[in-house]
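Student: I've got a structure to read and I'm not sure where to begin. Could you walk me through it?

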Amino acid sequence: MTHLPSVTRRKILAGLGGLALAAPALLRPRPALAALSGRPFVQPALDAGRMEAGRRVFDLAVATGGHEFLDGIETATIGINTGFLGPILSARAGDALRMNVANGLGEPMTLHWHGLHLPAAADGGPHQEVAPGATWSPEFDLRQKAGTFWFHGHQHRKTAEHVWAGMAGVIRVSDEEEAALPLPRTHGEDDFTLVLQDRRFDAAGQMPYDANMHDRMAGMQGDVMLVNGLAAPVLDTAAPRLRLRILNGANGSFYRLHFADARAFYQIASDGGLLAAPVAMRETVLSPGERGEYLLDLADGAVAQLRAEAFGAEAAMMGSAGIREVMTFRPDAARTPAPALPERLADLAPPPAPTGATRTFTLSMSGMGMMGDFLINGGQYDHDRIDFSVPLGATETWIWDNTTPMIHPIHIHDVQFRIIGRNGQPPAPQEAGLKDTVLIGPGEKVALQVRFDDYADAVLPYMYHCHILEHEDAGMMGQFTVV
Ligand code: C2O
Ligand code: CU
Ligand code: CU
């Protein structure tokens with residue numbers, strides 16, 4: 001590869017910038033976007049499926065459609081049973097499930113159950129391709145703790161494009177341990193699901209997946225913040241305390257969440273379920289793919305404005321993309337005082353003692369600057385290569401060593417793992433619970449304890465990858481079998 005002198009490079013970049021400015025699309029005014037903020041907050045429909053011979057069955061029709069993000073403009077999208085995103089699937093731990101996934105896209109796709117522990121054949125990763133017009137109907141048991149999970153497209157090299165268009169939804173799991181706690185859990189009354197994403201629209205109000213070289217490096221980001229497909233909605237509520245189930249469903253944006261008045265709130269659950277105890281915080285970062293459940297007290301009657309400072313993979317070099325308004329909570333005058341917070345939430349056993357291998361995953365980049373490929377242990381994803389096998393029942397130590405100047409949120413299929421060390425330090429309390437996605441900052445080394453139970457398959461693998469979807473599609477992914 002030739003190494004351009006920096007002056008030449010700068011001239012080239014300036015030239016490209018000049019071209020971009022002259023493009024007519026950018027000179028046209030943006031459609032009337034402001035008109036659509038401030039609408040009432042809406043959640044995706046809650047779907048409890050239907051019972052068939054003791055099995056909870058969900059029908060999920062994936063199709064192209066449209067959604068009104070901007071006033072009076074129909075934007076082309078992908079939705080699941082609706083125009084944009086999909087339903088909130090509601091199920092109980094221990095349920096036997098069947099998912100009927102119908103592909104109405106006109107092109108191959110997959111649908112992956114992010115965070116769920118299940119057989120590799122049911123995982124919905126790149127090896128469970130659904131042909132156009134076909135229906136895929138995996139059956140599996142819901143072996144989870146109560147928590148907030150999600151599902152999204154995972155087609156090889158198309159994950160970013162499919163999720164950007166709207167191919168994602170939430171799974172809400174309940175169990176007895178959680179039901180015994182004094183926590184808000186009435187959907188739409190004191191329990192709300194927020195899918196956070198950002199998008200950018202072209203002059204015609206469309207959001208084509210047109211990732212440029214920078215987007216592929218830093219992760220695709222947009223300037224319009226959306227919650228459940230709405231810009232800056234408002235929720236009027238009479239509840240003194242709300243439970244917010246927040247999913248970062250963005251392609252490439254990390255969100256530093258906080259309230260405009262810097263009020264404290266409490267995290268009660270991480271990716272895989274309840275934390276040991278509520279964790280008080282004034283801000284928290286959610287990476288692409290991560291979920292958190294939070295309690296927001298409104299008993300003082302003050303309006304609460306949720307904000308997100310959005311940043312991409314290269315934040316260490318480039319800083320953040322700015323602070324966006326997410327949504328507004330407007331308490332009713334007639335609220336009652338909030339009950340006392342539970343002191344304990346879940347009995348989280350300490351991470352299991354390792355019985356198996358220690359594996360190191362080194363994140364690196366080839367080449368330089370904008371030309372680099374993202375690598376795990378020096379290689380890129382190969383659809384026909386299993387990178388390693390784990391013996392069924394093993395508890396392994398997986399060490400992620402980020403030698404790049406970028407942030408990578410690393411996700412492992414099939415498991416809920418425990419973080420045992422971040423740069424040699426114990427994890428923060430909100431990171432000490434069940435996790436399936438973890439932020440690895442530039443230069444960081446993060447150690448995980450991962451247990452592989454129940455399901456073995458000599459042929460079909462699970463994935464591990466960066467959840468910046470542009471990095472995943474570019475090959476920052478590997479696959480393992482449990483045997
Ligand atoms: Cu959320 Cu492999 O994915
Ligand atoms: Cu996953
Ligand atoms: Cu990455």
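**Reading the core, the copper site and the sheet**

Tutor: Happy to; keep in mind that this is a predicted model. Take Tyr-464: beyond its neighbours within four places in sequence, Tyr-464 is in contact with Phe-361, Ile-376, Asp-387, Phe-388, Trp-398, Trp-400, His-411, Ile-412, Met-477, Gly-478, Gln-479 and Phe-480.

Student: Which residues touch the most other members of the largest nonpolar core?

Tutor: The general idea is that nonpolar side chains tend to be buried together in soluble globular proteins. Here the largest nonpolar core has 37 residues, and Trp-398, Trp-400, Ile-412, Leu-448, Tyr-464 and Phe-480 touch the most other members. Domain 1 (9–33 + 182–331) and domain 3 (358–482) both contribute residues, so this core lies between them. Apart from it there is another core, of 30 residues, including Phe-41 and Phe-265.

Student: What are the protein donors of the copper ion (ligand 3)?

Tutor: They are His-408 (ND1), Cys-466 (SG) and His-471 (ND1), 2.0 to 2.1 Å from the ion. Along the sequence their spacing reads H-x57-C-x4-H. His-408 in strand E27 (residues 408–412) and His-471 in helix H7 (residues 469–473) are 63 residues apart, so to speak a link between distant parts of the chain.

Student: Are those two histidines, His-408 and His-471, buried or exposed?

Tutor: Both are buried.

Student: How do E27 and strand E31 pair?

Tutor: Strands of a sheet pair through backbone hydrogen bonds, either parallel or antiparallel. E27 and E31 (residues 462–466) are antiparallel, over three bridges, with Cys-466 in E31 as the bridge partner of Ile-410. The open sheet has five strands in the order E25-E32-E31-E27-E29, with mixed pairing.

Key:
Residues are numbered from 1 along each chain as its sequence is written. Chains are lettered from A and ligands numbered from 1 in the order in which they are written. This is a predicted model: local features need pLDDT of at least 70, side-chain atom pairs count only at pLDDT 80 or more; totals for chains, interfaces and linings use all residues. Side-chain values use heavy atoms; hydrogens and water are left out. A nonpolar core is a set of buried Ala, Val, Leu, Ile, Met, Phe, Trp, Tyr and Cys residues joined through side-chain atoms within 4.5 Å. Buried means under 20% relative accessible area, exposed over 50%, partly exposed in between (1.4 Å probe, protein chains only). Domain bounds come from an automatic or database domain assignment. Contact means heavy atoms within 4.5 Å. Donors are N, O and S atoms within 2.8 Å of the metal (3.2 Å for Na, K and Ca); water is not among the atoms, so sites may look incomplete. Helices (H or I, at least four residues) and strands (E, at least two) are DSSP runs, numbered from the N terminus. Two strands pair if DSSP finds at least two bridges between them.
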